[in-house]
Amino acid sequence: MTEKKLDVSIHYTMAVCGGILGIYAIYNRMSVFGSAQTANLIELVTDLIGGNVPEMLIRAGALAVYVGAIVLAVFLEKTVRFNLKYLAVVLELAVVAVLGFLPAQMNPIVALYPVFFITAFQWSIFKGAKGYVSSTIFSTNNLKQTVSAFTDYLLSGGEETEARKKKGEKARFFGGTLLSFHLGVAAGYVASVAFGLQSVWLCIVPLSAGLIQLFLQDSLEAGVVAERKGA
């Protein structure tokens, strides 16, 4: 497998993990989507206007955790030299381990603080592949890009030019991300029905696969560098 193919495979693997975390939060924590902030910000505003200070503070805490993860990722990208994808996966393994032990009686937002953190961190580190910017933690833009690229491909019709091939490639890439994410959702749903809060441990499978692929990718890169030096 080439470095580029591995890059895409790693991206898809992390999207599977994103899907599992998404359905874990929605199914097990009162339909709260822990991978995004849109609903949380809406609720924060309504709690502020409605004078529900305790709930507003909980929502503000979730926002702070999410923002803090993004700030940390940007800071590390500018200050360290090692591959932060390894750190993201290791942190995610630790978070997943903890999530399975959090009691069901917890406030659902507070219980998802670790998910807010790790999904924001994952999104900041795993930004896409093949030159495409693509989220591995939610689907809205991936759906838009898939539909728009596929529509553009169909409308371009006629001869299979390089430009048309590029549109098809884009549609396949974003479609593959969508598929991977929702395969994770499907697997996570089955696990949630069977195991409840411990279903989040299913993430260990794609995360372990991601680590292995990162090692393979680094080995391939090292081999290419050594070959060039030898030449």
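**View 1. Glu-160, partly exposed, and its salt bridge with Arg-164**. Glu-160 has a relative accessibility of 37% and counts as partly exposed (20% to 50%; buried is under 20% and exposed over 50%, with a 1.4 Å probe and protein chains only). The model is predicted, so local features need pLDDT of at least 70 and side-chain atom pairs pLDDT 80 or more, whereas totals for chains, interfaces and linings use all residues. Residues are numbered from 1 along each chain as its sequence is written, and side-chain values use heavy atoms, without hydrogens and water. The partner of Glu-160 is Arg-164, and their side chains meet in a salt bridge (Lys or Arg side-chain nitrogen within 4 Å of an Asp or Glu carboxyl oxygen) with an N to O distance of 2.6 Å. Unlike Glu-160, which is partly exposed, Arg-164 is buried, with a relative accessible area of 10%. Elsewhere, salt bridges that share partners join Lys-130, Lys-166 and Glu-169 into one network, and the structure as a whole holds seven salt bridges.

**View 2. The salt bridge between Glu-77 and Lys-127**. The closest N and O atoms of Glu-77 and Lys-127 are 2.9 Å apart. This pair links distant parts of the chain, 50 residues apart, with Glu-77 in helix α3 (residues 53-79) and Lys-127 in the loop between α6 and β1 (128-129). Helices are DSSP runs of H or I with at least four residues, and strands are runs of E with at least two. Glu-77 is partly exposed at a relative accessible area of 38%, and Lys-127 is also partly exposed, at 42%.

**View 3. The salt bridge between Lys-167 and Asp-152**. In this pair the closest N and O atoms are 3.7 Å apart. Lys-167 belongs to helix α8 (residues 162-195) and Asp-152 to helix α7 (residues 140-156), so that the salt bridge links distant parts of the chain, 15 residues apart. Lys-167 is partly exposed, with a relative accessible area of 26%, and Asp-152 is partly exposed as well, with 36%.

**View 4. The packing of helix α1 against helix α6**. Helix α1 (residues 3-28) and helix α6 (residues 113-125) pack at an angle of about 160°, and their axes lie 11 Å apart. That angle makes α1 roughly antiparallel to α6 (over 145 degrees). The contact (heavy atoms within 4.5 Å) is made on the side of α1 by Met-14, Gly-18, Leu-21 and Tyr-24, and on the side of α6 by Val-115, Ile-118, Thr-119 and Gln-122.

Definitions and conventions: Axes fitted to C-alpha atoms, helices over the stretch in contact; angles between N-to-C directions. Parallel < 35°, antiparallel > 145°, perpendicular 65-115°, else oblique.
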